[in-house]
Amino acid sequence: MKFDVLTLFPELFNIVMRESIIGRAQENGIIKVNAINIRDYSKDKHKKVDDYPFGGGTGMVMTCQPVIDAYNDITKDMTVKPKVIYMSPQGRVLNQKIAKELSTEEHLILLCGHYEGIDERIIEEIVDEEISIGDYVLTGGELPAMVLIDCVSRLVQGVLASENSYSEESHFNGLLEYPQYTRPADYNGKKVPDILLSGHHANIEKWRTQQSIERTKQKRPDMYEVYERTHKKNL
Ligand code: 4GX
């Protein structure tokens with residue numbers, strides 16, 4: 001899966017997306033994150049990419065020319081145009097279901113805005129969908145784009161070590177994850193629950209499910225309510 005990112009700060013992506021699991025997925029050729037500097041496409045003699053808002057007001061607005069030229073350049077030889085997502089607090093709020101939907105795309109273009117936003121005509125011309133990563137305001141769309149790339153990429157076949165890595169976890173079945181422990185079995189007198197040392201796999205499974213349900217009820221009553229509603233039907 002390929003992500004083309006239109007941004008004023010391409011170096012952020014080159015640093016962050018080289019590390020860890022996404023870094024390895026890029027080395028293996030499963031994921032490609034290509035950060036494109038919008039400024040490289042500015043036809044202004046000072047490489048300007050923003051201007052004052054018509055009608056007045058504070059801040060600057062990203063101009064049409066460099067963004068749309070960058071988009072036209074990266075899609076010029078494509079018969080099917082990839083979906084373009086603008087990272088914005090005005091979009092659908094990202095969740096695991098949306099991430100799963102997006103992970104079926106072969107190619108996405110992510111547009112990162114700065115300043116007070118982008119000229120509305122860019123959205124009309126090239127943007128297919130706006131996505132938000134949550135109801136708070138950031139200084140730019142770069143962190144949201146990285147969040148989206150991270151959570152979508154890990155759903156792509158081959159990025160995680162095994163199928164189980166994500167099928168059992170939080171938000172997949174609508175429950176939070178059970179607690180995890182590793183060695184030592186006794187850390188300064190704090191012991192790992194006996195059941196996990198018992199070797200009885202069926203009982204361990206049962207205990208973990210109980211823990212997941214109990215934690216969801218305590219920590220995320222909103223998620224628990226949905227879980228209860230969808231599972232009571234099956235009783
Ligand atoms: N989830 N931001 C976009 C520029 C902007 C300003 C005004 C539209 C209107 C964000 C978020 C987010 C900060 C990215 C402002 N765009 N993006 N940027 N929350 O806060 O995605």
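Modeller: Quick definition first: a pocket is an open set of points on a 1 Å grid over the protein atoms alone, with protein on both sides within 12 Å along at least five of seven lines. A molecule sits in one if more than half of its atoms lie within 2 Å of its grid points.

Biologist: Fine. Which pocket does the ligand take up?

Modeller: The ligand's space is the largest pocket. Keep in mind that this is a predicted model, where local features need pLDDT of at least 70 and side-chain atom pairs pLDDT 80 or more, while totals for chains, interfaces and linings use all residues. Residues are numbered from 1 along each chain as its sequence is written, and side-chain values use heavy atoms, with hydrogens and water left out.

Biologist: How many residues surround the ligand, and which are the closest?

Modeller: There are 17 around the ligand, and the closest are Y86, E116, I133, Y136 and L138. Near here means a heavy atom within 4 Å.

Biologist: Which elements give two or more residues to that shell?

Modeller: Those are β5 and β7, the latter being residues 129-132. Strands are DSSP runs of E with at least two residues, helices are runs of H or I with at least four, and both are numbered from the N terminus. The largest share, 4 residues, comes from β5.

Biologist: What on Y86 lies 2.8 Å from the ligand?

Modeller: An N or O atom in the Y86 side chain, and its partner is a ligand nitrogen. I count a polar contact when N or O atoms pair up within 3.5 Å. I133 and G134 use backbone N or O atoms instead: the I133 one is 2.9 Å from a ligand nitrogen, and the G134 one is 3.2 Å from a ligand nitrogen.

Biologist: How much of the ligand does the protein cover?

Modeller: It covers 89% of the 460 Å² of accessible area that the ligand has on its own, by the Shrake-Rupley method with a 1.4 Å probe.

Biologist: Back to Y86. Where is it, and is it buried or exposed?

Modeller: Y86 is in strand β5. It's buried, because its relative accessible area is 8%; buried means under 20%, exposed over 50%, and partly exposed in between, counting protein chains only.

Biologist: What is Y86 in contact with?

Modeller: Skipping neighbours within four places in sequence, Y86 is in contact with several residues, including L111, G113, I118, V127 and I131. Contact means heavy atoms within 4.5 Å. Also, the C-alpha atoms of Y86 and I122 are separated by 9.8 Å, with their positions 36 residues apart along the chain.

Biologist: And I131, where does that lie?

Modeller: I131 lies in strand β7. It counts as buried because its relative accessibility is 0%. Beyond the residues up to four places away, I131 touches Y86 and S88, and also I98, L102 and L148 among others.

Biologist: Where is S88, then, and is it buried or exposed?

Modeller: S88 is found in β5, which runs over residues 83-93, and it's buried, at 8% relative accessible area. Apart from neighbours within four places in sequence, it's in contact with E130, I131 and S132.

Biologist: New topic. What does the T104 side chain reach?

Modeller: The backbone oxygen of E101, at 2.7 Å. T104 itself lies in the loop between α4 (96-102) and β6 (107-111). T104 counts as exposed because it has 65% relative accessibility.

Biologist: What about the N37 side chain, which backbone nitrogen does it reach?

Modeller: That of R39, at 3.0 Å. N37 is in strand β2, residues 32-37. It's also in contact with T7, L8 and P10, leaving aside neighbours within four places in sequence.

Biologist: Any backbone oddities? Which residues does a cis peptide bond join?

Modeller: R183 and P184, with omega at about 5°. P184 is in the loop between α7 (164-167) and β8 (186-187).

Biologist: What is phi of S20, and of K47?

Modeller: Phi is near 55° for S20, a positive value in a residue other than glycine, and near 60° for K47, also positive. S20 lies in helix α2, residues 20-27, and is exposed at 61% relative accessibility. K47 is in the loop between β2 and β3 (50-51) and counts as partly exposed because its relative accessibility is 39%.

Notes. Buried means under 20% relative accessible area, exposed over 50%, partly exposed in between (1.4 Å probe, protein chains only). A polar contact is a pair of N or O atoms within 3.5 Å; within protein, one must be able to donate a hydrogen and the other to accept it, and residues adjacent in sequence count only if both atoms are side-chain atoms. On a 1 Å grid over the protein atoms alone, a cavity is a set of points where a 1.4 Å probe fits but cannot get out, and a pocket is an open set with protein on both sides within 12 Å along at least five of seven lines; lining residues have an atom within 4 Å of a point.
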